[in-house]
Amino acid sequence: MGKKISLRYVLLLSTLIFSISSKGCLKKDIDPNLENDISSMSHINQAYSEADILNKPNKSTKSNSSSSKKNPTVNSEITLNVRGISISLGEEEKSILHKLGKPNRIVSTEYDFNYYVYNNDYSKLLFVAIRDSEVVGFYTDSIDFNFMGISPQSDLNLVNKILKKDFTMDFILTHNTHSYSLEIFMDEVGTNYVTGISLLTADIKENKSMDEITNHIELLVFDLTNSIRARNGLSTLSWSSTAANAARKHSTDMAINSYFSHYDKYNKGPSDRLNEEGITFQYLGENIIAGYGTAIISTHAWFNSPDHRENILNKNFRNLGVGFTYIKDSDYKTYITQLFYR
């Protein structure tokens, strides 16, 4: 596929006031309507930050010899306990359907599996990765999950003890074995506890074009955002396809025109984008991110930035639209915009 977007991440967490120029220098965006926009948008981000480049294990470069159909036995040692049931690598799809029922949504990913999304209770969000009618992984940030003794009540010391590692605090901790890759997501700026885990079998491969899964990624971001709100005692947001259209246009425009800002080259900002789509609002917020790949890592990255977390947890918002774009030859390849409003 030629899309090794999971190899490097450059997190860009922008603000309403600042943007980053093509030379990496900060410049101030002067908007003649800025004062009005701030008063009407309420909690729009007010700080600029840029994180270091991170490395993430590439899940798509395994030997082609593993591409043939296998029939692994259920690995009871790699088992997630969640929602009152257990899920193991190699378990049959029909067993999952018997335990959990039909998923609320089945979404394609850029890899050779689909996520079965169970989002009927956002405080117990669960994605089960299914390939060839077998479980090849899972993601959850459910309030009741337990994997190898790692749970939402686990701190860094316990994670290190269980995995026999010496991780230092980061929002994502990666643990690889010969059979799977485990990502543990931490609340780095809040509780310092585990917030979720993602596990995929080691022979996962890329096999879908990003263009085929744009809307699926956007809906996963929506689910992940509502999960954060539910776990923090807030009402969940309603999906806005109109705001999603505005957000997608902005993500694409940033990629095509090589900038990263809430304001485009015509100095149009979030309020202009919603107005152009016919949306009126009392409160407005926008989060943008570039270079962090798709839904799960990007949403956890936002959650670990105080200003972006403020938007996600804003009590005033009622609606959310998400816009994702992937352009291979752009500066950061992947761009995601969240537009919150009420």
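1. A residue counts as buried under 20% relative accessible area, as exposed over 50%, and as partly exposed in between. This cut-off settles the case of G101, which at 24% relative accessibility counts as partly exposed. The model discussed here is a predicted one, and the points below should be read with that in mind.

2. G101 is placed in the loop that runs between α2 (93-100) and β9 (105-108). When residues up to four places away in sequence are not counted, G101 touches I96 and Y118. With Y118, which lies 17 residues apart from G101 along the chain, the separation between C-alpha atoms is 9.2 Å.

3. For the chain as a whole, the model contains eight helices and 20 strands, and buried residues make up 56% of its 342 residues. Of the contacts between residues at least 6 apart in sequence, 66% join residues at least 24 apart. The protein chain exposes about 14,500 Å², and carbon and sulfur atoms supply 46% of that area.

4. The strand that follows the loop of G101, β9, belongs to an open sheet of seven strands with antiparallel pairing, in the order β9-β10-β11-β12-β16-β15-β14. Because β9 and β14 (172-176) stand at the edges and each has a single partner strand, one side of each is left without a neighbour in the sheet. Direction ignored, neighbouring strands of this sheet are turned against each other by 20° on average.

5. The pairing of β9 with strand β10 (residues 114-118) is antiparallel and extends over four bridges; within this pair of strands, V107 stands opposite Y115 in β10. Two helices deserve attention next, as both pack on the sheet. Helix α4 touches β9, β10, β11 (126-131), β12 (134-140) and β16 (194-201), and its direction makes about 130° with that of β9. Helix α7, for its part, touches β10, β11, β12, β14, β15 (180-186) and β16, with a direction that makes about 25° with that of β15.

6. How do these two helices meet, and at what angle do the axes of α4 and α7 cross? The axes of α4 (residues 214-231) and α7 (residues 295-303) come within 9 Å and cross at roughly 40°, and the crossing is right-handed. On the side of α4 the contact is made by I217, L220, V221, L224, T225 and I228, while α7 contributes A295, I296, T299, W302 and F303. By class, this contact has nine nonpolar and two polar residues, with no charged residues. As background to the spacing of such contact residues, an α-helix has 3.6 residues a turn, so residues three or four places apart point the same way.

7. Helix α7 is mostly covered, since nine of its nine residues are buried. The buried residues include S298 and H300, as well as A295, I296, T299, W302 and F303, which also take part in the contact with α4.

8. Is E218, a residue of helix α4, buried or exposed? E218 is buried, because its relative accessible area is 0%, a value under the 20% cut-off. Leaving aside neighbours within four places in sequence, E218 is in contact with W239, R248, V322, G323 and F324.

How values were computed. Residues numbered from 1 in each chain as written. Predicted model: local features only at pLDDT ≥ 70, side-chain atom pairs only at ≥ 80, totals over all residues. Heavy atoms only, no water. Axes fitted to C-alpha atoms, helices over the stretch in contact; angles between N-to-C directions. Left-handed = near helix turned anticlockwise from the far one by under 90°. Contact = heavy atoms within 4.5 Å. Nonpolar A, V, L, I, M, F, W, Y, C, P; charged D, E, K, R; others polar. Buried < 20%, exposed > 50% of the residue type's maximum accessible area, 1.4 Å probe, protein only. Areas by Shrake-Rupley, 256 points an atom, 1.4 Å probe, with all protein chains shown as cover. Pairing = 2+ DSSP bridges.
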